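Hello,

Here is the structure I promised to pass on. Please open it beside this email and follow along.

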Amino acid sequence: MSNLSRRNLLKISALAAAATALGANQSDSNAPSWDGEYDVIVIGSGFAAHAAAVKSAMRGLSVLMVEKMGRVGGNSVINGGIFCVPLSPKQKAQGINDSRELFFKDTLKAGRNLNNPALLELIFSRANDALNLTLECGAEYRDFLEQSGGHSVPRGYKTSNGTGAGIIQPMQARFKSLPNTEVKTRTKFDKFITDDSGRVVGVEVRENYRFDNKLFDDDRENKSGDKKLYRAKKGVVLASGGFCADKVYRKLQEPLIPDNAQTTNHSGATAGAMLEAFRIGAYPVHVSHLQFGPWASPDEKGYGLASKFNVTASFRYGISVDKKTSKRYMNEIADRKTRADKMFEIIGKDENYPIHFCDSRPVKHMLKEQFDKLLASGALKRFDTLDALAAEYGLNASTLKQTVAQYNEYVKQGKDPDFGKILPKDGTDISVPPFYAMRGVPKLHHAMGGVAINNKAQVLSSITNEPIAGLYAAGEVTGGTHGASRLGSNAILDCLVCGMVAGENV
Ligand SMILES: Cc1cc2nc3c(=O)[nH]c(=O)nc-3n(C[C@H](O)[C@H](O)[C@H](O)COP(=O)(O)OP(=O)(O)OC[C@H]3O[C@@H](n4cnc5c(N)ncnc54)[C@H](O)[C@@H]3O)c2cc1C
């Protein structure tokens, strides 16, 4: 604000006045008749919303959580449950050397240096506080630390049940156990209500809303529900998640994405709530950076269980080969953008899906029931020999065996001169049958962009370049933290830290 000239200030006031006249704002003199009031209203019910809601309720504030779908949890509850915690107690106990520099280097490399350094510092410095918040709520984690693609060392806490529900369910129970808390599902947030100064003082929602999967564009076409106005005395936290399932908005960002492109996201991952924040002046950041998850399968819907096999077993301890050459073509644990781009080159126009595989040992890191279910589904196949694997997928058996022999030699030497993969330190190569393999395809996974926030999770205004009073945001609806491409497991970290910070500051 201090850098703005008097002339600009006058222009801004005129713009604000015009917006009021058009009915974009609610003036004090025309205060709405509220249907209820709370200290804090949280929009959404994923990691970011729960961290904000629990934290503000722990401060003794009354909190309403609104969720448009019939169940809580959004993408968070179906997520893979891998939570990046740099400098964690488990890393220390397992003798893993990590550092601020290494975490920044990995994250900036994946993000192509577009990451907002202040937000990166925030998620790094508060990672253990976020972990402790989940532990305090009752979340449980396995001892095995995951090393998701692009991370130089294992940093991933994994929930005991192998999904984000392992965090959401205990946080939801904790939230409900705190006084003056309420959750409303099938309640769609439509509009912010602002006063004369531009402060967000409440929300307009529709209760009894029914999300309709059959509509092409639910945000605009669905008119269901009953309008209600709720006052937020201290503030509103926008935690409405990403928009990878929004056929209209994602195509505006990337015109080549077909309407029927598969996504790992739940069907309610649409842009409407974020667009409402833009309408009251929030800055948009990086909205055209959409991430494809490189570990999915064309033989399953959504994220599925194949993703878990590739993340935990095949990419880290095995290899991926091009069906046309029977050779490797990428670093299997590079960052997601690097891998997805390479895979799309291979897949081309004729659906030449690459084959990901490993031997019998790495699958022990998967949860047994998930592994058994995946195998039974047929998306993952088991082979006693590499010849049988080659025959199933139409690979050249002798080239495949040479590829594997070469890779095993690299593991022995601890160096991959072809693609620079960080090889398993325990020497796991591809030599102990049976072998497990599947076809792979990247799927639309994460919206990197969203509203701009500062390190207090306040939403920044494009009208004043200052925080919008009364408005906070956290999670996938925000932009900037991950730059051009998010590292696996950094989303839980980002959502929980920024949600927690919003809950502390609101
Ligand atoms: C299948 C899958 C696996 C993943 N695995 C991992 C992993 O292992 N580790 C990791 O770090 N990240 C992972 N991610 C990414 C991570 O899960 C998401 O980025 C994260 O869950 C986003 O959390 P959020 O709180 O921002 O939004 P969400 O959890 O998506 O919650 C937002 C909620 O807001 C609701 N909402 C939207 N609009 C409105 C509205 N207008 N009114 C009311 N409610 C609204 C939505 O319905 C939704 O329930 C995964 C993602 C997916 C899809």
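Below is what I found, from the whole chain down to single residues.

First, a caution. This is a predicted model. Keep that in mind for everything that follows.

**The whole chain**

The chain has 506 residues. Its secondary structure comprises 17 helices and 19 strands. Along the principal axes, the C-alpha trace spans about 80 × 50 × 45 Å.

Does the radius of gyration agree with a compact globule, or disagree? A compact globule of 506 residues would have a value near 23 Å. The chain has 24 Å, so the two agree.

Next, burial. Buried residues make up 60% of the chain. Here, buried means under 20% relative accessible area.

Now take the contacts with a separation of 6 or more. Of these, 75% are between residues 24 or more positions apart.

The accessible surface of the chain is about 20,400 Å². Carbon and sulfur atoms hold 50% of that surface.

Charges come next. The chain has 65 positive and 54 negative charges. Their mean positions lie 1 Å apart.

**Strand S15 and its partners**

Go to strand S15, residues 435-439. Is S15 largely enclosed or largely open? Of its 5 residues, 4 are buried, so the rest of the structure largely encloses S15.

Which strands pair with S15? One is S13, residues 355-358. S13 and S15 run antiparallel and are joined by 4 bridges. Find His356 in S13, then look across to S15: the bridge partner is Met438.

Another is S14, residues 381-383. S14 and S15 are also antiparallel, with 3 bridges between them. Here Phe383 has Phe435 of S15 as its bridge partner.

While you look at these strands, recall a general rule. In a regular strand, side chains alternate between the two faces of the sheet.

**The S6 and S7 hairpin**

Now move to strand S6, residues 188-194. S6 is mostly covered, with 6 of its 7 residues buried.

S6 pairs with strand S7, residues 200-207. The two run antiparallel, and 6 bridges join them. One pair to find is Lys191 and its bridge partner in S7, Glu204.

S6 and S7 form a hairpin with 5 residues between the strands. Which residue in this hairpin takes a positive phi? The residue is Gly198, with a phi near 95°.

Start with S15, then trace the hairpin. Send me your questions as you go.

Best wishes

Methods. Residues are numbered from 1 along each chain as its sequence is written. This is a predicted model: local features need pLDDT of at least 70, side-chain atom pairs count only at pLDDT 80 or more; totals for chains, interfaces and linings use all residues. Side-chain values use heavy atoms; hydrogens and water are left out. The radius of gyration is taken over C-alpha atoms; the globule rule is 2.2 Å times the number of residues to the power 0.38. Buried means under 20% relative accessible area, exposed over 50%, partly exposed in between (1.4 Å probe, protein chains only). Contact means heavy atoms within 4.5 Å. Accessible areas come from the Shrake-Rupley method with a 1.4 Å probe; for residues, only the protein chains shown count as cover. Lys and Arg count as positive and Asp and Glu as negative; His and the chain ends are not counted. The place of a charge is taken as NZ of Lys, CZ of Arg, CG of Asp or CD of Glu. Two strands pair if DSSP finds at least two bridges between them.
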